[in-house]
Amino acid sequence: MHPASVRCERNEGSQIGRLIIARPDAKNAILIEMVGLLLQGLDHFAKNDDVKVIVISAEGSDLTSGFDPSQVELIYKSAPGGAVKKVPSQRARLMALNLMWWGPDGLYTRILHSPKVTILAAKGMCYEVGLYLTLCCDLVLADCSARFANPRWRHVGVDGDLSMLVSAVGLKRAKGLLIFGETWSASQAHSYGLIDELIDAQDLESEVLKLATFCTQVMRDGIAAEKHVVFASLAKMQITTGFAAATAVGAWASNLHFRDGEFNFLREVRTHGLENALRNAEFYFSAL
Amino acid sequence: MIDLKLSGALATITLQELEPLSRHDIEFALELRNVIRDTADDDNVKAIILRTEGSDFCLPPTASDLKIAADSRIKKAAAWHAAYSASAGLYQNMVYCKKFILTVTRGQCAGAGSMLVLCSDFTVSSFDATFAAPFAQYPESNLVLAELTMRLNRAKSWMLGGSAWSAEKALHAGLINQAVDAADLDACAVSAAKAAALMPLDGVAMTKVLLESFLDTQGVGQDFDMADFYASSMLAAQTQSREK
């Protein structure tokens with residue numbers, strides 16, 4: 001367990017709840033336990049009528065480098081049919097992805113459907129999980145160091161929900177990120193509409209707090225009403241369909257056949273260890 | 001007329017001209033459809049680059065071109081639908097292609113050329129390129145695809161604005177992905193295609209299936225199905241205009 005890797009904080013009497021990703025030494029890579037802690041924090045604040053706004057931020061220079069690659073296989077182990085020696089069952093893959101990310105109790109669904117206003121403070125690497133946090137939160141402030149990408153897509157193909165990204169930035173730009181291995185700078189993300197405001201690095205915390213405080217001035221009933229209008233729009237935009245497809249396709253993506261010459265990250269990990277596999281991946285995907 | 005070159009995981013399709021596509025030359029459309037379909041079926045190919053020779057990607061149709069196109073739609077309605085907008089037609093073959101398709105544009109891009117840009121996954125363009133909206137003249141044009149690509153306000157602006165967009169404006173709107181010097185155009189396209197081709201083949205297939213399901217939920221296929229209806233409406237409007 002990493003009990004301190006996500007902190008759930010709220011000053012007494014404050015209407016702002018804070019979820020802080022706190023694993024800076026590992027570029028805030030998200031562990032399975034951290035997803036659980038984020039979910040607990042979201043649940044805790046959602047049930048508290050005093051809380052109007054949830055701020056998600058991170059310690060250190062990065063929001064997150066994404067899901068921790070050391071646990072890529074582990075996520076299937078605890079699901080039914082997952083605790084086998086070699087190939088976890090398809091149901092384990094489906095269930096794990098549903099429970100952690102895309103299902104009704106998954107992290108992305110819970111943020112997207114939070115009854116509170118959600119604000120993200122984005123900085124440094126906002127990769128994979130970080131990209132989805134960006135898409136799921138209501139408001140996103142980023143500093144100039146923020147970079148947005150999902151390197152995992154280059155390894156296994158595109159999974160996850162597409163509808164939010166396309167809605168935010170448009171189909172062809174989305175494909176640049178999805179297919180062509182682009183990493184967007186903060187200013188690109190801002191001009192494409194992925195983030196709401198670009199802030200000087202030293203002002204990010206204070207500007208997020210200022211925005212959160214401003215949002216707390218809205219009546220509770222007003223926030224609830226606005227959020228439910230958003231939920232209705234999300235349904236009309238087929239986001240729910242996108243999340244269902246995300247689980248199914250994500251499970252396929254964990255079950256790929258690699259041809260000669262293609263980079264198989266898990267095989268690299270088994271053969272050369274995690275550190276070497278990450279280094280080899282960086283070399284493979286940057287060598288054109 | 002259509003040249004195909006294979007190099008590793010990349011295929012490059014080069015056309016001498018695209019204007020016959022804007023004249024609704026059904027044979028030409030089917031030939032291009034077949035090359036794209038067969039290339040996509042090649043298990044060694046992951047990305048397809050579509051480009052033209054010459055200084056323009058696709059010139060705007062002349063009045064004569066538009067008359068020929070309209071005649072083709074009227075006299076060979078079923079064949080036109082099958083070649084252009086049906087599920088097995090050229091455009092849906094591109095949108096739902098199993099592999100990634102990149103378009104490379106320079107000079108003028110209009111008529112069917114603009115549709116190819118909309119149907120492709122990625123567009124690299126030279127700074128001198130211009131992009132004219134195809135909607136007023138071509139009933140197979142897919143506004144849903146344009147809305148998804150650029151969002152509704154920009155798609156309407158392109159459709160109703162009347163003038164062709166510069167590469168800079170198209171880039172800002174999200175219609176194209178990159179604008180580069182003409183001298184670097186082909187190299188940039190190859191570089192982007194190679195980046196995409198690093199993905200495993202299973203991943204390429206999965207990506208395209210996921211995109212297909214997304215586009216279906218958004219009504220892209222339905223809009224292609226409406227092409228016949230739009231063609232009839234266009235014909236009725238032209239008839240009324242002549243009667244006045």
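**Briefing: core, sheet and helix**

B:A47 is in contact (C-beta atoms, placed from the backbone, within 7 Å) with B:A9, B:L10, B:K99, B:F100, B:L102, B:A193, B:A196 and B:A197, leaving aside residues up to four places away in sequence. The model is predicted, so local features need pLDDT of at least 70 and side-chain atom pairs count only at pLDDT 80 or more, while totals for chains, interfaces and linings use all residues. Residues are numbered from 1 along each chain as its sequence is written, and chains are lettered from A and ligands numbered from 1 in the order in which they are written.

**Nonpolar core**
- The largest nonpolar core (buried Ala, Val, Leu, Ile, Met, Phe, Trp, Tyr and Cys residues joined through C-beta atoms within 7 Å; buried means 20 or more other C-beta atoms within 10 Å of a residue's own) holds 170 residues, and those touching the most other members are A:I119, A:A122, A:L141, B:A47, B:L102 and B:A196.
- Helix α3 (residues 90-102) of chain A gives the most to this core, with nine residues; helices are DSSP runs of H or I with at least four residues, and strands are runs of E with at least two.

**Sheet in chain B**
- Three strands of chain B, in the order β5-β7-β8, form an open sheet with mixed pairing, where a pair needs at least two DSSP bridges.
- Because β5 (108-109) and β8 (165-166) of chain B each have a single partner strand, they stand at the edges, and one side of each has no neighbour in the sheet.
- Strand β7 (residues 130-131) of chain B runs antiparallel to β8(B), joined by two bridges, and B:T130 has B:S166 as its bridge partner.

**Helix α11 of chain A**
- None of the 17 residues of α11(A) is buried, so the helix lies largely in the open.
- After α11(A) comes A:Q238, with a positive phi near 65°.

How values were computed: A residue is buried if 20 or more other C-beta atoms lie within 10 Å of its own, exposed if 12 or fewer, and partly exposed in between; C-beta atoms are placed from the backbone. Two residues are in contact if their C-beta atoms, placed from the backbone, lie within 7 Å.
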